[in-house]
Amino acid sequence: MGEISPQTLRQFILFQDLPASLVAKVGAIAHEKRYQKRSTIFVEGDKGDYVVLIISGIIKISRAAANGRVKTLALLRAKDFFGEMALFLPGRERSATAEAMTDCRLITIEETEFEKLLKDIPQISLRIIQTLAHRLQDANRQIKSLALGDSRARLADLLLWMKDEFPAGDGGQPEIPLTHQELADLAGLSRETATRLLNTLEKEGAVKLKSRQVVLSNQEILRKYAA
C-alpha cells in the first residue's frame, strides 16, 4: 500500500523524536495491513518475525492456560505496539495470541529490518525499554488493585476505559464486544463475580447485556462506582 507517511509514524513513541530523514527510512520498510473484526493477527507459538504497530482499532492479547482455557491479558489500541518481545526470546516464538476486536489498521516491520533499525537508531531501543518499564509499572498497579481494590470499581473502571474505543450502536450508546469471561480476565475477577456484577449493573440501568456484548446505558452510574 506504499510507504507509511511520516505523520502516521510520528504518532508512535518509537519514532516521535527522530529527524525527518530517519522517519522516512522507517516509512520505506514499514507495511500497512488491515484486519477485519475477530480476525487473528498471530497465534501463540507462531514464529515471531515481525513487529506490529496499531494505527487504529483494538487488539486483544490472550494466552491459553494449561487447562485449555483462554485468558485475556490486555487490550491494545491506537499508538500501541506489540510483538517485539518474540524478537528477543530464544526460539523467537509468540508468547501470546493477538486478535482484532474491531476492524484494524496496522503497521508491520519485518524482523530483519527492525533489527537494523535498532542498530542504526539507538533511540528506538531506549523507547522500547521505556515502554517495557511502563508496562511493568502498569502490571504492578494491577496487582495492587487486585489485592486492595473493589471488584465493582474495577469492572466499572474497565468499562469506562473502553467506551471510546468501540463505535456506538443504533441507540448511540457504546457497545463493548467482549464476553463475561473476557471482561473478568481484564478486570482480574472470576467469571462468576463478573457475571453477578454485570447483572447488578443491568438492574440498576448502567448497562444492557447482549450476546457477547455489553451496552453502556448510563455512564454516570459507572462513574459513581469507578475507582
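**Exercise 1.** Leaving aside its neighbours within four places in sequence, with which residues is Leu-183 in contact?

*Solution.* The model is a predicted one.
Step 1. Once the neighbours within four places in sequence are set aside, Leu-183 is in contact with Leu-155, Leu-158, Leu-159, Met-162, Leu-178, Leu-198 and Val-214.
Step 2. Leu-183 belongs to the largest nonpolar core, which has 26 residues. Together with Leu-159, Met-162, Val-207, Val-214 and Leu-222, Leu-183 touches the most other members of that core.
Step 3. The elements giving two or more residues to this core are the helices α5 (151-162), α6 (180-187), α7 (191-203) and α8 (219-225), along with the strands β10 (207-210) and β11 (213-216). Helix α5 provides the largest share, six residues.
Step 4. Another core, of 23 residues, lies apart from this one; Val-26, Leu-53, Phe-114 and Leu-118 are among its members.

**Exercise 2.** Determine how α7 is oriented relative to α6 and relative to α5, and identify the residues that make each contact.

*Solution.*
Step 1. For α6 and α7, the packing angle is about 105 degrees and the axes are 8 Å apart. Angles of 65 to 115 degrees count as roughly perpendicular, and α6 and α7 are therefore roughly perpendicular to each other.
Step 2. On the α6 side the contact is made by His-180, Gln-181, Leu-183 and Ala-184, and on the α7 side by Arg-191, Ala-194, Thr-195 and Leu-198. By class, this contact of α6 with α7 has four nonpolar, three polar and one charged residues.
Step 3. The axes of α5 and α7 cross at roughly 75 degrees and come within 10 Å. The pair α5 and α7 is therefore also roughly perpendicular.
Step 4. From α5, Ser-151, Arg-152, Leu-155 and Leu-159 meet Thr-193, Ala-194, Leu-197, Leu-198 and Leu-201 of α7. Classified in the same way, the contact of α5 with α7 has six nonpolar, two polar and one charged residues.

**Exercise 3.** Which strands pair with β4, and in what sense?

*Solution.*
Step 1. Strand β4 (residues 59-64) pairs with β5 (residues 70-76) in the antiparallel sense, over six bridges. Within this pairing, Ile-59 has Leu-76 of β5 as its bridge partner.
Step 2. The connection of β4 to β5 is a hairpin with five residues between the strands. In the turn, Gly-68 has a positive phi of about 95 degrees.
Step 3. Strand β4 also runs antiparallel to β7 (residues 97-100), to which four bridges join it. There, Lys-60 stands opposite Glu-99 of β7.

Note on methods. Residues are numbered from 1 along each chain as its sequence is written. This is a predicted model: local features need pLDDT of at least 70, side-chain atom pairs count only at pLDDT 80 or more; totals for chains, interfaces and linings use all residues. Side-chain values use heavy atoms; hydrogens and water are left out. Two strands pair if DSSP finds at least two bridges between them. A nonpolar core is a set of buried Ala, Val, Leu, Ile, Met, Phe, Trp, Tyr and Cys residues joined through side-chain atoms within 4.5 Å. Buried means under 20% relative accessible area, exposed over 50%, partly exposed in between (1.4 Å probe, protein chains only). Contact means heavy atoms within 4.5 Å. Axes are lines fitted to C-alpha atoms, for helices over the stretch in contact, and angles run from 0 to 180 degrees between N-to-C directions. Angles under 35 degrees count as roughly parallel, over 145 as roughly antiparallel, 65 to 115 as roughly perpendicular and the rest as oblique. Ala, Val, Leu, Ile, Met, Phe, Trp, Tyr, Cys and Pro count as nonpolar, Asp, Glu, Lys and Arg as charged, and the others, Gly among them, as polar.
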